[in-house]
Amino acid sequence: MRLPLLIALLLLAPLTSFAQSRDRGNLSFLYEPDASVEGGGRLTLTESRLSTGLPPFRWDDNMLNVGFEWTHYAFRTENTQPGDFDTDSVGLSLRWGFGDKEGWSGSVIFSPSLRSDFETVTTDDLGLAGLALGSYPVRTNLTTVVGLVYSRSFGRDRLFPALGATWLPAPRWQVDLIFPRPRVTYQASEKARYYVGLEPGGDEWNVELPEGSRDLSLEEYRAGGGAEWMLTRHIGLLAQAGAVFGRELEVRDGRDKQYDYDLGDTWFARIGLLYR
């Protein structure tokens, strides 16, 4: 068991929350209503997320950030297996940014995590994500981006490219044509921002089922729009909505697939608070 590591992560939550006054944090709730499950049955998914971080440490052209994120998932099923269950993803994010605005700049992110139902905690619950990204300003309004990402965003541990560009076609507009999260943003004012985009919404956990410890993965994609309104200098509201598609739930014993289900398309809605 890895209880000391779990306790250390839990103790970091109030510490990083205290540091929010100088860095960004958010608290949000997402709802995906019941959708059909292949072979019969229904599935409803909710997601509660808290993220925050310590103030950035800067020196010369470098910046170091330490972040914390806790996401709780509640799966509610009807007439299908596995039955109702909850999972959590708890992780730290260490980010090093370097470079300047006139030439190459980059970011390296290292994110260890626990992904589990916390019925038991073993080394199978440990996860790791990482990113190495470089960017170069081709023109004053166009920056190219290239890099590699290793994460469970598509439901399983995968290494995939992060490629694309950020384009500023007009004042207040920003177009991020970057795989796997393209987005178009309009900054209506200092207090209001609107955007549309596409992103993967998957993850993977180690859970205890009646037949034993198993790896459970969710793969899905979300396309929609959102808005952010700053109520005060530091506090804001977040709202998002859109479609969820390309969904699959899979249960594995090591490398052996036990069973998988295609899930019906549905919609999603997210509300939250921002701290900047």
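In this predicted model, strands β14 and β15 form a hairpin with four residues between them. The two strands run antiparallel and pair over 15 bridges. Strand β14 covers residues 212-230, and β15 covers residues 235-253. Within this pairing, Gly226 stands opposite Gln240 of β15.

Strand β15 has further partners. With β17, which spans residues 266-275, β15 pairs in the antiparallel sense over ten bridges. Here Ala241 faces Ala269 of β17. Strand β15 is also joined to β16 by seven bridges, again in an antiparallel arrangement. The bridge partner of Asp253 in β16 is Asp256. Strands β15 and β16 form a hairpin with two residues between them. In that turn, Gly254 has a positive phi of about 65 degrees.

Arg255 also belongs to the loop between β15 and β16, the latter covering residues 256-263. Its relative accessible area is 83%, so Arg255 is exposed, the cut-off being over 50%. Arg255 and Asp215 are separated by 40 residues in sequence. Their C-alpha atoms lie 9.2 Å apart in space.

The start of β15 contributes to the surface. Ile235 lies in this strand and belongs to a nonpolar surface patch of about 600 Å². The other members of the patch are Leu27, Tyr194, Trp229, Leu231, Leu237 and Leu273. Ile235 has a relative accessible area of 32% and is therefore partly exposed. That value also satisfies the patch criterion of over 30% relative accessible area.

A second set of antiparallel pairings involves β4, β5 and β6. Strand β4, residues 62-78, pairs with β5 over 14 bridges in the antiparallel sense. Phe68 has Leu92 of β5 as its bridge partner. Strands β4 and β5 form a hairpin with six residues between them. Asn79, in the turn, has a positive phi of about 60 degrees. Strand β5 pairs in turn with β6, antiparallel and over ten bridges. Gly99 stands opposite Ser105 in β6. This pair of strands also makes a hairpin, with five residues between β5 and β6.

Aromatic contacts recur in the model. A pair of aromatic rings is described by the distance of the centres and the angle of the planes. The structure holds twelve aromatic pairs. In one of them, the ring centres of Trp104 and Tyr136 are 5.3 Å apart, and the planes meet at 40 degrees. The pair is classed as tilted because this angle is neither under 30 degrees nor over 60. The contact links distant parts of the chain, 32 residues apart. Trp104 sits in the loop between β5 (85-99) and β6 (105-116), whereas Tyr136 is in β7, residues 126-139. Trp104 has 53% relative accessibility and so counts as exposed. Tyr136, at a relative accessible area of 33%, is partly exposed.

Tyr221 and Phe245 form another aromatic pair, and this one is stacked. The centres are 6.2 Å apart, with 25 degrees between the planes. This pair, too, links distant parts of the chain: Tyr221 lies in β14 and Phe245 in β15, 24 residues apart. Tyr221 counts as partly exposed, at 21% relative accessibility. Phe245 is likewise partly exposed, with a relative accessible area of 33%. Strands β14 and β15 are thus connected by an aromatic pair as well as by their 15 bridges.

Aromatic residues also gather in a larger group. Tyr73, Phe75, Phe85 and Trp205 form one aromatic cluster. A charge meets a ring elsewhere in the model: the charged end of Arg183 sits over the ring of Tyr195. The distance to the ring centre is 4.0 Å.

Strands β11, residues 183-187, and β12, residues 192-200, flank a loop that contains Ala188. Ala188 has a relative accessible area of 25% and is partly exposed, since the value falls between the 20% and 50% limits. Ala188 and Ala165 are 23 residues apart along the chain. Their C-alpha atoms are separated by 22 Å.

Terms used
Residues numbered from 1 in each chain as written. Predicted model: local features only at pLDDT ≥ 70, side-chain atom pairs only at ≥ 80, totals over all residues. Heavy atoms only, no water. Patch = residues over 30% accessible without salt bridge, like charges linked within 9 Å, V, L, I, M, F, W, Y side chains within 5 Å. Areas by Shrake-Rupley, 256 points an atom, 1.4 Å probe, with all protein chains shown as cover. Salt bridge = Lys/Arg side-chain N within 4 Å of Asp/Glu carboxyl O. Buried < 20%, exposed > 50% of the residue type's maximum accessible area, 1.4 Å probe, protein only. Phe/Tyr/Trp six-rings, centres within 6.5 Å; stacked < 30°, edge-to-face > 60°. Lys NZ or Arg CZ within 6 Å of the ring centre and 35° of its normal. Pairing = 2+ DSSP bridges.
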